[in-house]
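Here is a set of exercises to try with a structure open beside you. Have a go at each task before reading its solution.

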Amino acid sequence: MKDGNVYFLRSCTKKDQFPKFTHPEFAFMGRSNVGKSSLLNTLLGKKDLVKTGSKPGVTKTINFFVVNDNKSFVDLPGFGYAKLPSETRKKFMPMIMDYAKARKNLKLVFLLIDIRRTPGDFEHEIIEFLASLKIPTAITLTKSDKLSKNERRKSIQKMEETLGIGRDYIFITSSKNKEGKKELLSLIEEFSQ
Ligand code: GTP
Ligand code: MG
């Protein structure tokens, strides 16, 4: 973000703790370790405002960040990580769904998928769930720096087929080389109107 006016507001686990503001909100969902927290740092232009880590299961709460006093970005726990203690793991999907249901100001969800993976049940479940709530979803492929040009072409084609969507609805990103940052920020501006 241009002027760097960004701060961490609150960490929550249930909806009565959510902030009351009504300005446009943007959330980041996806499997553990897919790069949600890293992408947030990239979009916010901060190195480590949002906690990231090499092991899955780093983000365990719903974290609200306020941007320029007129929008919020929300970092969510990842789903689909089998090795977390089952009590914690079972809480995440309902926690994410309760969040989406509760936030009337949620304008757009970025659903992150590692560019090297094939989307599975978790992704399909989330896509259907968000569609049922009529919340727009941007499919956001992460870690594009990990693939060669040829590999990424194949991977994007596979995503289109598996998800049944066109190339125009898929965003390619890398928190390492900042690919896709401009496009995502434009999308956020568009959905903030
Ligand atoms: P959870 O909070 O556990 O759900 O994970 P997360 O989705 O927030 O992932 P996080 O941002 O913590 O990143 C996980 C790992 O992937 C870290 O080691 C990051 O450095 C790495 N990573 C994230 N984005 C990228 C990327 O674009 N390229 C590369 N090469 N590594 C990345
Ligand atoms: Mg995280």
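**Exercise 1. Is Ser-37 buried or exposed, and which ion does Ser-37 help to coordinate?**

Solution.
- Step 1: In this predicted model, Ser-37 has a relative accessibility of 7%. Buried means under 20%, so Ser-37 counts as buried.
- Step 2: Now look for the metal. The magnesium ion (ligand 2) is coordinated by OG of Ser-37 and OG1 of Thr-59, at 2.0 to 2.2 Å.
- Step 3: Find these two residues along the chain. Ser-37 is part of helix α1 (residues 36-44), while Thr-59 sits in the loop between α1 and β3 (62-67), so the pair ties together parts that are 22 residues apart in sequence.
- Step 4: Check the partner too. Thr-59 has a relative accessible area of 10%, so Thr-59 is buried.

**Exercise 2. How many of the 9 residues of α1 are buried, and what follows α1?**

Solution.
- Step 1: Go through the helix and pick out the buried residues: Lys-36, Ser-37, Leu-39, Leu-40, Asn-41, Thr-42, Leu-43 and Leu-44.
- Step 2: That makes 8 of the 9 residues of α1, so the helix is largely enclosed by the rest of the structure.
- Step 3: Step past the end of the helix. Gly-45 follows α1, and the phi of Gly-45 is positive, near 70 degrees.

**Exercise 3. Which residues are closest to the centre of the largest pocket, and which class of residue does its lining have in what number?**

Solution.
- Step 1: Begin with the space itself: the largest pocket holds about 470 Å³.
- Step 2: This pocket is lined by 29 residues, and Asn-33, Val-34, Gly-35, Ser-38 and Lys-143 are the closest to its centre.
- Step 3: Ask where the lining comes from. α1 gives the largest share, 4 residues.
- Step 4: Sort the lining by class: 15 residues are polar, 7 are nonpolar and 7 are charged.

**Exercise 4. Which elements each supply at least two residues of the lining of the second largest pocket?**

Solution.
- Step 1: The second largest pocket has about 270 Å³ of space.
- Step 2: Its lining is made of 14 residues, and the closest to the centre are Thr-137, Ala-138, Ile-139, Ile-165 and Tyr-169.
- Step 3: Match the lining to elements. At least two residues come from each of α3 (121-132), β6 (137-142) and α5 (181-192), and the largest share, 3 residues, is from β6.
- Step 4: Sort this lining by class as well: 11 residues are nonpolar, 2 are polar and 1 is charged.

**Exercise 5. What kind of aromatic pair do Phe-26 and Phe-73 form?**

Solution.
- Step 1: A pair of aromatic rings is described by the distance of the centres and the angle of the planes. The structure holds 8 such pairs.
- Step 2: For Phe-26 and Phe-73, the centres are 6.1 Å apart and the planes meet at 80 degrees. An angle over 60 degrees counts as edge-to-face, so the Phe-26 and Phe-73 pair is edge-to-face.
- Step 3: Trace the pair along the chain. Phe-26 belongs to strand β2 (residues 25-30) and Phe-73 to strand β4 (residues 71-75), so this pair links distant parts of the chain, 47 residues apart.
- Step 4: Consider accessibility. Phe-26 is buried at 0% relative accessibility, and Phe-73 is buried with a relative accessible area of 0%.
- Step 5: Look for neighbours: ring pairs link Phe-26, Phe-28, Phe-73 and Phe-110 into a cluster.

**Exercise 6. How many salt bridges are there, and where in the chain are Arg-31 and Glu-123?**

Solution.
- Step 1: The count comes to 5 salt bridges. Three of them are worked through here, starting with Arg-31 and Glu-123, whose closest N and O atoms are 2.8 Å apart.
- Step 2: Arg-31 is in the loop between β2 and α1 and Glu-123 is in helix α3, 92 residues apart. Both Arg-31 and Glu-123 are buried.
- Step 3: Next, Asp-114 forms a salt bridge with Arg-116, with 2.7 Å between the closest N and O atoms. Asp-114 is buried at 9% relative accessibility, whereas Arg-116 is partly exposed at 43%.
- Step 4: Finally, Glu-179 forms a salt bridge with Arg-152, the closest N and O atoms being 2.6 Å apart. Glu-179 lies in the loop between β7 (170-172) and α5, and Arg-152 lies in helix α4 (residues 149-163), 27 residues apart.
- Step 5: Compare the two partners: Glu-179 is partly exposed at 26% relative accessibility, and Arg-152 is buried at 15%.

Methods: Residues are numbered from 1 along each chain as its sequence is written. Chains are lettered from A and ligands numbered from 1 in the order in which they are written. This is a predicted model: local features need pLDDT of at least 70, side-chain atom pairs count only at pLDDT 80 or more; totals for chains, interfaces and linings use all residues. Side-chain values use heavy atoms; hydrogens and water are left out. Rings of Phe, Tyr and Trp (its six-membered ring) pair if their centres lie within 6.5 Å; planes under 30 degrees apart count as stacked, over 60 as edge-to-face and the rest as tilted. Buried means under 20% relative accessible area, exposed over 50%, partly exposed in between (1.4 Å probe, protein chains only). Donors are N, O and S atoms within 2.8 Å of the metal (3.2 Å for Na, K and Ca); water is not among the atoms, so sites may look incomplete. On a 1 Å grid over the protein atoms alone, a cavity is a set of points where a 1.4 Å probe fits but cannot get out, and a pocket is an open set with protein on both sides within 12 Å along at least five of seven lines; lining residues have an atom within 4 Å of a point. Grid points are joined across faces, edges and corners, and a volume is the space filled by probe spheres set on the points. Ala, Val, Leu, Ile, Met, Phe, Trp, Tyr, Cys and Pro count as nonpolar, Asp, Glu, Lys and Arg as charged, and the others, Gly among them, as polar. A salt bridge is a side-chain nitrogen of Lys or Arg within 4 Å of a carboxyl oxygen of Asp or Glu.
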